[in-house]
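Here is a quick tour of how some helices and strands are put together in this model. Have a look at the picture first, then read on.

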Amino acid sequence: MMTTMLDPLLQGFAAIGTWSSLGWIVLGVFIGYTVGAIPGMGKGIATAISIPLTFYLSPIAAISYLIGIAKGSTAGSAVSAILINTPGEPSSAPTALDGYPLARQGKAGKALRMGLYASVIGDLVSTIVLIGLAAPLARYALAIGPVEQFAILLFSLTFIGALASDSMVKGLMSGVLGILLATVGLEIETAVPRFVFGQLELYEGLSVIPLAIGMMATSEMVMQISRHREIDAQTARVREVKVSDDRLTLEDWRVSGPAILRGTGIGVFIGILPGLGASVASFMSYGVTKKLSKTPERFGKGAIEGVAAAESADNAVIPASFIPLFALGIPGSVIAAILIAAFMIQGLTPGPLLFQQDAALVYGIYAAMIVASLVLLCVGLVGQRFFSRIVTVRVRLIVPVVLFFCMFGTLVQGGSTFAVWMMIAFTIVGFLFKKLGYSFVTFLIGFILGPSLELTLRQSLPLLNYDMANLTGHPIAIVFIALAALTAAIVALRARKDAAARAITLTQTSREELQ
Amino acid sequence: MKLGTLTGLATAALLAVAGAARAEFPEKPITMLIGYAPGGGTDTVGRVLAKGMSEALGQPINVVNMPGAAGGVAATTLTAKAPDGYTILLAPTATITSYPLSNEALTYKPEDFTVFASVADFQPALVAPASAPYDSFDEFVAWAKENGPAKYAILTPTSRMIMELIEQQESIAVNYIPLRSGGDMVNGLMGKQFDIAYSGGVHQRYPDDIKALVSASGRKLVLDPDVPTLPELGYDIDGVSSFVVFGPAAVEADVRARLEAAVAEAFKGEDVQKVLTNTGFPARFVGGDEATAEMMTQYASDKKLIERMGAALQ
């Protein structure tokens, strides 16, 4: 078994062992990492601008290059999340929760390196899972239909919602608002337009990119400029932090190790399932790590394992989402869908036949993916030397540059100025959210998962023939619905206990006042 | 004086020639709109076609993905552009002929477009998991009567209407499961989540896992010529859809001819042929006039279908 696996893989390494193949992998990872590190730009834009280029490459170089971009940009988006609190993509939002506080404490280098190591480990392990288990795992993933997806989404939403916010009421409000905004556009089943006000641009619904950039990046810039003196004073202190405090210690590894392993597992699991995506994985991993921690109060104030949890899950999703692609020819993510197009242009049909007809190529791509992980480590370590200096730059220099990139990214990805206006509108919303203490995290999760939740519900109802009793044929779904109910019950109990505790304190105070 | 007039005339003539030469289309990059997200069948075909056309025209063609309303957003955008040939659209015929009939927000008509050419045909079919207990559409109908309601996965308004008509005609019960993409359809069929599904042609890539029961148009499936068509089985449903290159209405004749020629040249190219072969959409080049006629036939057929549905609902 092992040799039948290893032999072709070794030949795969031989196949990509040319300067041009390696060059394209390095270039892909480099472009991906850089674009990912720029706020407002993500893998979507990086792959979209690269597709025409791949017309002129050999299949293996083209696909390695695109995979390099996907891996690089996923890891790169942690950079802006940590350094300036503006995640390049929603899936890096939990990275910012602890990464940014670390950076403000002068430990940007530590956070960046842990983020990178977690990314590379998650990515590498997930790649190995892909190579070893693609075919058998993909068959199991097929058992996950709309009914199971709905149950998993319901659980994710409850779980993340319960953990992401300090005030449950405010967390719920933002989450529901996110789901509500996600209903804008053509209704999926009957194509009835909802909340479009005659605007043709709204028919496709509110696009996630301008919304996320507005909520996360530009509003953060407005926040920062409004207190630039304070941040600049902090920056001055950051410069005086001893280098030794900025190194990764054995203790950091001790607390982050389990988080990385867990994050990788969650990332692989979510990646194999179609339609969930990297955001679910990174939020879930962050939430679980916080939940299991003996010191949950450190989270949000610079807990290094928070960064490790989010980044390992985020990156582990990418190779795992290729499992259905390689094994069955089904795209599990947007990147995988773009890869299918690249395969087609190169005259290859992904799926089980590819292993028989073009096994050498498949193993070449596998080898390229392993190489890309290692390249990512090198590119990341070199890149961080330059990027980490951003922390010491004054706010008034950072803000205009970030705003420019956000505008530019929105315009390019949205294809029109409408997207830019939308981004500006959500900058205001994001600013108000932050000022009033509402969680933009639950809002975003609601917005991202809302449409999938609605769609899978609409699909599940006819699939179950509108009868709850038919759920008995879907044991996996039952498990996740039970887990969701359990989470909700625990949260409700905790809230009641808190309220009771508060009531007792109140009565005590009033008694004291009476006396 | 006379000499002056002559020189003047000569200069004017030269300028006129130069002017005509400068007006040679195209003198700047062209934009190709695609009404779907990157990665799907239309996008893939569009991108290779744009590359071939760009080589034929000597100007770059920028592909812009503009998803929304099953391609309706891109089509509406095109109608608002100047008919100068610098903005074109690659779309399935159905985007123009069918979707406005079922979506009030789309106000365009086939007359609002210039057809340059079409390059390939969709292969619409009703398909089932290979393991399903029925091998033909008649057997499916019999199975649905016994075991219904059948779980039917749909992608477009047209796919829903087709089954609604069959449902009435055969008095079977059907539950409609709306999907987002052909990928979801393939996934669900392989996982045996659905009993039957509408496919635009993507099923052909998975011959071991998915079988075609009936061609959902008046034409035979090119790769499955033994499978009957819906009209052959006694259902009055006809519909073909092709990959068509459109412009806004009233594009000048010479620009139109230039673009048609560019599509023809790109069509002959190795890349376009390779992609069409791989995606399983049979290559068939049809020039502007004939493709316009095909579109109008399709429009009449789609209108008839909608009217019958409306009548049936009342």
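## Strands, sheets and helices

B:M32 stands opposite B:I88 in β3(B). That pair belongs to β1 (residues 30–34) and β3 (residues 87–92) of chain B, which pair in the parallel sense over 4 bridges. Two strands count as paired here if DSSP finds at least two bridges between them. Strands and helices themselves are DSSP runs, numbered from the N terminus: E over at least two residues for strands, H or I over at least four for helices.

Before going further: this is a predicted model, where local features need pLDDT of at least 70 and side-chain atom pairs count only at pLDDT 80 or more, while totals for chains, interfaces and linings use all residues. Residues are numbered from 1 along each chain as its sequence is written, chains are lettered from A and ligands numbered from 1 in the order in which they are written, and side-chain values use heavy atoms, leaving out hydrogens and water.

Chain B has these two open sheets, both listed with mixed pairing:

| Strand order (chain B) | Strands | Edge strands | Average turn between neighbours |
|---|---|---|---|
| β2-β1-β3-β10-β4-β11 | 6 strands | β2 (61–65), β11 (283–287) | 25 degrees |
| β7-β6-β8-β5-β9 | 5 strands | β7 (174–178), β9 (210–215) | 30 degrees |

In the sheet of 5 strands, β7 and β9 of chain B each have a single partner strand, so one side of each is left without a neighbour in the sheet. Inside that sheet, β6 (residues 150–154) and β8 (residues 196–199) of chain B run parallel and are joined by 2 bridges. B:A153 has B:A197 as its bridge partner in β8(B).

What lies across the strands of the other sheet? Helix α3 (residues 72–79) of chain B lies across β1, β3, β4 and β10, running at about 150 degrees to β3(B). Helix α9 (residues 253–268) of chain B lies across β1, β3, β4, β10 and β11, at about 10 degrees to β4(B). Angles run from 0 to 180 degrees between N-to-C directions, with axes fitted as lines to C-alpha atoms, for helices over the stretch in contact; contact means heavy atoms within 4.5 Å.

Over in chain A, helices α4 (residues 59–84) and α5 (residues 93–104) pack at an angle of about 50 degrees, with their axes 6 Å apart. α4(A) and α5(A) are therefore oblique to each other, the label left once angles under 35 degrees (roughly parallel), over 145 (roughly antiparallel) and 65 to 115 (roughly perpendicular) are taken out.
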